[in-house]
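I opened the notebook to look up the aromatic contacts first and the nonpolar packing after that. The entries follow in the order in which I made them.

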Amino acid sequence: MSIWLPAHIFKNHCFIFGPRIGLNSCRVHSLSNGFAGLFPIKRRASVTTAVPNHRIRAGKRETYTVVSDNVNYGGKQVISVTPQLYEYLLGNVREPEILRELREETATLRGSQMQVSPDQAQLLAMLVQIQGAQRCIEVGIFTGYSSLAVALVLPEQGCLVACERDEKSIEVTKRYYDRAGVSSKVDVRHGKAADTLHSMIHNGEGCSYDFAFIDADKKMYHEYFELLLRLVRVGGVIVVDNVLWHGRVADTLANDSTTVSIRSFNESLFKDKRVDISMVPIGDGMTICRKR
């Protein structure tokens with residue numbers, strides 16, 4: 001008898017594993033959004049079905065791991081986030097009340113999916129705190145969830161340059177900056193981010209910032225990164241959001257312009273010796289860069 005287990009799997013054959021109990025028969029139902037649907041799993045002897053570079057095994061309903069077939073990785077099992085596990089993760093995020101209120105208001109607005117998740121915002125804030133950062137830049141703030149998280153942990157003399165081109169989003173953002181008491185720390189720049197960054201460089205602000213976050217037009221990532229690299233000091237950090245782009249970057253059949261652009265950016269960043277990098281599978285994927 002088969003049971004159906006939910007699994008989120010990309011079409012590039014990155015597969016889900018459960019401990020000990022293996023799979024005997026399996027079908028993957030591809031969905032239009034690039035994910036797989038349900039596996040019929042027979043509870044029999046542990047069997048692994050191999051496909052190029054990866055394997056798939058499913059067992060306990062609540063536990064999933066990803067394993068590469070490449071023996072050089074030693075069969076390391078890496079956790080894959082299920083809806084149940086993600087709820088647990090969110091339950092362990094220390095989200096200030098003002099951020100919760102902003103998140104819930106943003107959820108009612110068009111484009112709410114552009115907002116970073118609470119676990120992402122918590123990571124950004126912690127990176128700023130670990131650095132002892134005082135001068136920060138954010139490219140693309142939307143309604144301000146991530147920028148507010150950063151502003152809340154900046155010292156009183158700290159400064160965050162917040163770049164956003166949508167005036168309606170800025171209205172929401174400023175209202176929450178005021179309520180949180182951080183308006184004095186945030187310099188909101190309305191307009192094209194590239195123009196703002198060029199202006200800052202022209203004004204002699206190069207190498208004077210500690211931290212930057214990019215979450216804006218994906219096709220502009222190359223330009224944003226180059227400009228920020230000129231503004232951030234040696235040892236400073238640049239974080240880039242959406243580097244996994246819903247898994248499409250690893251899907252060889254996905255060749256739309258945005259996916260191709262992000263894939264190209266990731267490839268160039270991997271080869272860039274000016275920075276140390278770590279790509280982290282949080283949210284839609286983040287790459288943390290440290291300027292050498």
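Before counting, I fixed the criterion: rings of Phe, Tyr and Trp (its six-membered ring) pair if their centres lie within 6.5 Å, and planes over 60 degrees apart count as edge-to-face. I also noted that the model is a predicted one.

Entry, aromatic pairs. I found two aromatic pairs in the structure. For Tyr221 and Phe265 I read a centre distance of 5.5 Å and a plane angle of 70°, so I logged the pair as edge-to-face. I then looked up where the partners sit: Tyr221 is in helix α7 (residues 221-231) and Phe265 in helix α8 (residues 257-271), so this pair ties together parts that are 44 residues apart in sequence. Are these rings buried or exposed? Tyr221 has 0% relative accessibility and counts as buried. Phe265 is buried as well, at a relative accessible area of 2%.

Entry, second pair. I checked Phe225 against Phe265 and got ring centres 5.9 Å apart with planes at 75°, so this pair is also edge-to-face. Phe225 lies in helix α7 and Phe265 in helix α8, so the pair ties together parts 40 residues apart in sequence. The relative accessible area of Phe225 is 2%, which I logged as buried. I closed the entry by noting that Tyr221, Phe225 and Phe265 form one aromatic cluster.

Entry, charge over a ring. I looked up Arg135 and found that it lies over the face of Tyr209, at 4.2 Å from the ring centre.

Entry, nonpolar cores. Which residues have the most contacts inside the largest nonpolar core? I listed Cys136, Leu148, Val150, Phe211 and Val239, in a core of 31 residues. The elements that give two or more residues to this core are the helices α2 (97-106), α3 (118-131), α4 (145-153) and α5 (167-180), together with the strands β8 (159-164), β10 (209-214), β11 (232-241) and β13 (286-291). Helix α4 gives the most, with five residues.

Entry, Val239. I followed up its contacts, leaving out residues up to four places away in sequence. Val239 touches Leu124, Leu127, Phe211, Ala212, Phe213, Ile214, Met286, Thr287 and Ile288. Apart from the largest core I recorded another one, of 28 residues, with Cys163, Ala212, Leu229 and Val243 among them.

Technical notes. Residues numbered from 1 in each chain as written. Predicted model: local features only at pLDDT ≥ 70, side-chain atom pairs only at ≥ 80, totals over all residues. Heavy atoms only, no water. Core = buried A, V, L, I, M, F, W, Y, C linked by side-chain atoms within 4.5 Å. Buried < 20%, exposed > 50% of the residue type's maximum accessible area, 1.4 Å probe, protein only. Helix = DSSP H or I, 4+ residues; strand = E, 2+ residues; numbered from the N terminus. Contact = heavy atoms within 4.5 Å. Phe/Tyr/Trp six-rings, centres within 6.5 Å; stacked < 30°, edge-to-face > 60°. Lys NZ or Arg CZ within 6 Å of the ring centre and 35° of its normal.
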